[in-house]
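Got your viewer open and a selection box ready? Load the model below and follow along, one selection at a time.

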Amino acid sequence: MHGEELVIFGVPLAVFLASLFTCFSFGKQRYKKGLVTIGLLLLGFTVAMLFGIGASSGWDGLIYLFALIGIGAPAGVGALLGGLVGWFKKEKTVDA
């Protein structure tokens, strides 16, 4: 695997796995503040990239588009999946 392939496949995979396991942990603990914070960070990143696309001219907007595709989308999907699976997988305790 060359350096370019590592960046193309490795960075989105690392971002996906980091957000997946973080949100899974927050969801399993029912930590709403953590899930909301990650959601707001993802929203802020997406809005910043969209403003960057709008403000750029010519081919300069591709950098922002690639950041959205390579970082924003995997982070959002990982956060959504991890949060939902963690939320519904919470261990239920039974009083004896």
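Here is a tour through the helices, with a few stops at single residues.

Before you click, note that this is a predicted model, where local features need pLDDT of at least 70, side-chain atom pairs count only at pLDDT 80 or more, and totals for chains, interfaces and linings use all residues. Residues are numbered from 1 along each chain as its sequence is written, and side-chain values use heavy atoms, with hydrogens and water left out.

**Stop 1: helix H1**

Select residues 3–28, which form helix H1. Helices here are DSSP runs (H or I, at least four residues), numbered from the N terminus. The expected span of a helix is 1.5 Å times one less than its number of residues. For the 26 residues of H1 that gives 38 Å, and the end C-alpha atoms are 36 Å apart, so the two agree.

Now center on Gly 10: H1 bends there by about 30 degrees, and Pro 12 follows within four residues. The bend is the angle between axes fitted to the seven residues ending at a position and the seven starting there.

Next, show Pro 12, Ser 19, Leu 20, Cys 23 and Gly 27 as sticks; these are the buried residues of H1. Buried means under 20% relative accessible area, exposed over 50%, and partly exposed in between (1.4 Å probe, protein chains only). What do they pack against? Helix H2 (32–55) and helix H3 (61–88), with contact taken as heavy atoms within 4.5 Å.

Two more H1 residues deserve a click:

- Phe 9 sits in H1 and is exposed, because its relative accessible area is 56%. Draw a C-alpha distance to Thr 46: the two are 37 residues apart in sequence and 20 Å apart in space.
- Ser 25 is also in H1 and counts as partly exposed, at 29% relative accessible area. Its C-alpha lies 7.9 Å from that of Gly 82, across a sequence separation of 57 residues.

**Stop 2: the loop after H1**

Go to Arg 30, in the loop between H1 and H2. Check its backbone: phi is positive, about 55 degrees, although Arg 30 is not a glycine. Is this residue buried or partly exposed? With a relative accessible area of 35%, Arg 30 is partly exposed.

**Stop 3: helix H2**

Select 32–55 for H2. Its 24 residues reach 34 Å from first C-alpha to last, close to the 34 Å expected. Color Gly 34, Ile 38, Met 49 and Gly 52, the buried residues of H2; they pack against H1 and H3.

Then switch on a surface and pick Val 36, Leu 40, Leu 43, Val 47 and Phe 51, which make a nonpolar patch of about 510 Å². Patches are made of residues with over 30% relative accessible area and no salt bridge, with nonpolar side chains (Val, Leu, Ile, Met, Phe, Trp, Tyr) joined within 5 Å and like charges within 9 Å. A salt bridge is a side-chain nitrogen of Lys or Arg within 4 Å of a carboxyl oxygen of Asp or Glu, and areas come from the Shrake-Rupley method with a 1.4 Å probe. Leu 40, in H2, counts as exposed at 55% relative accessibility.

**Stop 4: helix H3**

Finish with 61–88, helix H3. H3 has 28 residues and reaches 39 Å end to end between C-alpha atoms, close to the expected 40 Å. Zoom in on Leu 68, the center of a kink of about 30 degrees. Leu 68 is also buried, and the other buried residues of H3 include Gly 61, Gly 70, Pro 74, Gly 78 and Gly 86. Show H1 and H2 again: both are among what covers the buried residues of H3.
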